[in-house]
Structures are given as C-alpha cells and as structure tokens.
Amino acid sequence: MKNIYLDHAATTPLDSRVLKAMTPYFTQHFGNPSSVHSFGQNAAAGLERARAIMAQYLHCQPSEVVFTSCGSESDNLALRGAALTTRQERGANHLLISPIEHPAILRTAQQLQDLFGFELEFLPVDKYGRVTPAEVAKRIRPETAVVSVMYANNEVGTLNPIAKIGEICREASVLFHTDAVQAVAHLPANVQKLNVALLSIGAHKFYGPKGVGALYVRDGTTLIPSQAGGAQEFGLRAGTENVPYLVGMAEAFRLVQIEHSQRSTASKKLRDRIIARVLEEIPHAKLTGHPSQRLPNHASFALKNVDGNLLVAMLDARGFACSSGSACKTGNPKPSGVLTALGYSPEWTKGGLRVTVGKDTTSDDVEAFLDTLPDVVALAREM
Ligand SMILES: Cc1ncc(COP(=O)(O)O)c(C=O)c1O
C-alpha cells in the first residue's frame with residue numbers, strides 16, 4: 001500500500017533540522033522568557049534570536065515582528081486590530097478585501113461588519129482569482145480603514161500583484177495587509193519590496209511546527225491587541241511565548257528563504273507534469289487558478305460532476321493524500337465558495353481537486369498518482 005503525501009498546502013512535515021533547533025528549548029532552556037533569572041534569560045535570548053532571524057529574512061526590524069499562535073491569529077490581529085485602531089484614529093469605517101480570502105480573513109471581516117458596524121466591500125476577482133491594482137485604485141477611499149488581499153490563494157494557487165496593490169494603498173495612506181501564509185513557503189518575503197504594512201505567516205506551511213505564526217507590523221502602525229493581559233509581544237498578544245516552537249519557526253523560515261528557488265525549480269517540474277497529464281487524460285477537467293502566476297508546487301482542478309470529498313476519500317484508500325480544495329473544507333459537502341466566486345457553475349464547484357507537492361516529493365510519487373487518478377475519477381463519477 002502506497003503512502004504518498006500530496007497535500008503540502010494543508011500542512012508540511014517538520015524538517016529534521018528544525019526539530020534539532022527546537023529540542024534544547026524543550027529541555028535545557030525551558031525558562032519563562034519574562035523571568036529575570038538565567039533560566040528565563042536563556043529562553044528570552046532564544047526568542048529574540050528567533051525574532052532577529054525572522055526580521056532578517058522579512059527585511060524589517062525585529063521590533064516589527066509579532067509572534068502569534070498561527071496564521072489565523074495573525075490574520076485576526078491584522079484585520080481586526082488595524083480596523084478598530086484606524087476607526088478610532090480617523091473615523092475610517094470601510095474595509096476592502098478580496099472575496100476569496102482564507103476564512104481567517106473572511107470571517108473576521110464579516111464579524112467587523114456584523115458586530116462592529118464596518119462597511120465591508122469585496123474587490124472583484126478575475127476568472128483566475130486575481131485582484132487587479134486598478135480595481136483597488138478605483139475602490140479605495142479616504143474612509144478605507146484597511147485593504148486585505150492575499151499573496152497566494154490556498155485553494156487555486158493564484159498569486160496577486162501585491163507590490164503594486166501596496167503602492168496604491170501607500171499613496172492613499174491606507175493600511176495594506178496581505179495574508180502570505182501560503183506564499184512565503186515558496187516565494188521571497190521581502191516586506192519592503194512588497195509594500196505592505198502588515199503580513200501574516202504560519203510556520204506549518206514551510207516545514208515548521210503547527211500552532212505558531214508571526215505578523216509583520218510596519219513601524220508606526222498601531223493595532224488593538226488580539227489578546228489582552230501581559231506585556232508580551234509589544235503588548236499586542238498576551239501570553240507566555242511558545243519558545244521552542246518560535247525557535248523552530250525561525251529556523252524553518254531561514255531554511256525556506258535560502259532554499260526557495262531550488263525547491264521551486266523542482267516543484268514546478270512536478271506541478272507542470274501533474275497539470276499536463278490531468279488535462280490530457282481526464283475528460284471534463286479544468287485547471288483552476290492562473291496558468292502561470294501560481295504557486296510553484298500547486299496544481300488545482302475542477303472536475304465536472306465529481307464529488308471532490310468522495311474522490312479524496314477514494315484516493316486516500318489507494319494511498320494518495322490530496323485535498324478537494326482547502327483543508328478547512330474537508331468533510332464539508334458544500335460547493336467551493338472560491339470556485340463559485342471564480343464563475344464556475346454548480347456542476348463544477350463540488351469537484352475541486354488540489355494536489356500540492358513538497359520538497360521531498362519524487363517524480364515516481366507523481367507518476368504513481370497520475371497512473372491511478374483517471375480510474376478513480378471515472379469510478380467517483382459513476383457513484
Ligand atoms: C492562505 C491561508 N491563510 C491562513 C491560513 C491559516 O493558517 P493556520 O493554519 O496557521 O491558522 C491558511 C491555512 O490553511 C492559509 O492557507
């Protein structure tokens with residue numbers, strides 16, 4: 001029985017080099033980084049080293065890196081924190097976001113509208129899921145509190161022109177946030193070049209541990225804290241820091257940022273092979289997302305009249321792990337909101353298939369998957 005993992009957009013295994021960096025912080029350096037004694041100070045030194053590494057590869061100051069518990073928390077802190085402060089500071093009450101954001105942004109924005117009275121406006125996306133800078137320029141207003149557009153979409157892999165959108169927001173003096181949780185696992189994360197005020201990261205997408213993340217907060221940007229209490233994380237996020245995991249995230253981030261071009265070259269070959277064979281060999285299959293402006297490891301499809309969840313379960317029974325869209329939707333029989341927003345009709349929107357390769361995926365893995373897929377799709381269509 002095969003056991004091939006092709007769902008790296010959902011999560012990645014921990015890199016053994018990352019585990020090695022983390023281990024001393026579970027054992028020797030177990031102190032509370034807020035403690036004055038040497039146990040605490042050793043942990044604090046590890047924490048601040050981790051922050052400095054994150055800052056080095058984000059091209060920012062360590063004081064601009066806020067540690068969180070996950071990408072979702074970073075998104076919550078960014079959007080809610082910035083919206084509430086901006087309204088307090090200058091009465092801005094308008095939110096501008098893409099309609100195919102991750103639920104961590106979509107539901108936070110919805111909450112800001114429903115409970116806090118913000119006006120929520122969705123930017124139009126093209127058939128690939130891209131937001132155009134021209135649409136941002138058209139819709140941004142003096143009363144816009146925050147613009148949030150994801151760097152790369154988790155379900156269809158499409159990349160957005162973040163630097164250009166950032167430029168427009170900067171010129172309009174409006175805060176710009178990007179959810180880069182998927183993107184920084186594959187692309188450079190230079191916040192200066194990206195022109196962002198806020199950028200979300202989650203470690204488990206780039207071979208770091210689960211349950212830890214970061215938010216870049218440009219100097220001078222004030223946020224309402226996500227969690228009140230102690231003064232940790234510059235007063236933005238109370239709670240004793242998860243030192244071993246944060247050390248692990250920094251090591252994983254360092255590795256992905258120095259190895260990304262080599263990892264991407266290998267991933268792209270596998271991705272393109274998957275796309276080519278699926279489109280050639282499976283009837284009524286469409287590539288979803290942008291054909292070239294997409295994550296290097298990400299192949300996603302809409303399969304007509306297929307139940308995506310059933311297909312994923314059948315593939316799993318044959319030893320292949322992939323997903324029907326985003327991991328968050330597994331077990332949910334509803335049509336994909338992303339595919340619906342991209343204009344797909346109902347006979348396509350339940351048949352999402354996402355295949356995401358990783359740094360250790362081999363071409364034998366991919367060929368075995370592609371040899372199996374057509375029969376499984378045919379069987380799923382019969383059921
Ligand atoms: C684009 C995007 N944003 C946010 C998240 C949430 O990250 P986390 O699982 O670390 O909370 C994910 C995870 O799937 C994601 O893909």
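**Fold, ligand shell and selected residues**

His 284 has 14 C-beta neighbours inside 10 Å and counts as partly exposed. The model in which this residue is described is a predicted one. His 284 sits in the loop that lies between helix H8 (243–281) and strand S9. Although His 284 is not a glycine, its phi is positive, at about 55°. A second non-glycine residue with a positive phi is Ser 173, for which the angle is near 55°. Ser 173 also belongs to a loop, in this case the one between helix H6 (162–171) and strand S6. Around Ser 173, 10 other C-beta atoms lie within 10 Å; a residue with 12 or fewer counts as exposed, and Ser 173 is therefore exposed.

The protein chain as a whole contains 12 helices and 12 strands. Its radius of gyration is 21 Å, close to the 21 Å given by the globule rule for 383 residues, so the chain is as compact as a globular protein of that length. Along the principal axes, the C-alpha atoms fill a box of roughly 65 × 50 × 35 Å. Buried residues account for 52% of the 383 residues in the protein chain. When contacts between residues at least 6 apart in sequence are considered, 73% of them join residues at least 24 apart.

Seven of the strands make up an open sheet with mixed pairing, arranged in the order S2-S8-S7-S6-S5-S3-S4. Strand S2 (65–68) and strand S4 (119–122) are the edge strands of this sheet, each pairing on one side only. From one strand to the next, the twist averages 20°. Within the sheet, strand S3 (residues 94–97) and strand S5 (residues 144–148) run parallel and are joined by four bridges. Ile 97 has Ser 148 of S5 as its bridge partner. Helix H4 (residues 103–116) packs on the sheet, where it touches S3, S4, S5 and strand S6 (175–179). The direction of helix H4 makes about 160° with that of S3.

S5 also pairs with S6, in the parallel sense and over three bridges. Ser 148 has a bridge partner in S6 as well, namely His 177. Ser 148 is thus bridged to Ile 97 and to His 177. Burial in S6 covers five of its five residues, so this strand is largely enclosed by the rest of the structure. Leu 175, His 177 and Asp 179 point one way from S6, whereas Phe 176 and Thr 178 point the other way; all are buried.

Three further strands form an open sheet in the order S9-S10-S12, with antiparallel pairing. The edge strands here are strand S9 (285–287) and strand S12 (352–356), each of which pairs on one side only. The twist in this sheet averages 25° from one strand to the next. Strand S10 (residues 298–303) runs antiparallel to S12, and five bridges join the two. Ser 300 is bridged to Arg 354 in S12.

The shell around the ligand consists of 15 residues, of which Cys 70, Gly 71, Ser 72, Asn 154 and Gly 202 come nearest. Helix H3 (residues 71–90) supplies the largest share of this shell, with three residues. By class, the residues around the ligand comprise five nonpolar, eight polar and two charged ones.

Arg 51 was examined as a charged residue located in a helix, H2 (residues 38–58). With 22 C-beta neighbours inside 10 Å, Arg 51 reaches the cut-off of 20 or more and therefore counts as buried. Residues up to four places away in sequence aside, Arg 51 touches Pro 62 and Val 65. The C-alpha atoms of Arg 51 and Val 65 are 6.5 Å apart in space, while the two residues are 14 residues apart in sequence. Val 65 falls within the span of strand S2 (65–68), one of the edge strands of the seven-stranded sheet.

Methods
Residues are numbered from 1 along each chain as its sequence is written. This is a predicted model: local features need pLDDT of at least 70, side-chain atom pairs count only at pLDDT 80 or more; totals for chains, interfaces and linings use all residues. Two strands pair if DSSP finds at least two bridges between them. Axes are lines fitted to C-alpha atoms, for helices over the stretch in contact, and angles run from 0 to 180 degrees between N-to-C directions. Two residues are in contact if their C-beta atoms, placed from the backbone, lie within 7 Å. The radius of gyration is taken over C-alpha atoms; the globule rule is 2.2 Å times the number of residues to the power 0.38. A residue is near a molecule or strand if its C-beta atom, placed from the backbone, lies within 6 Å of it.
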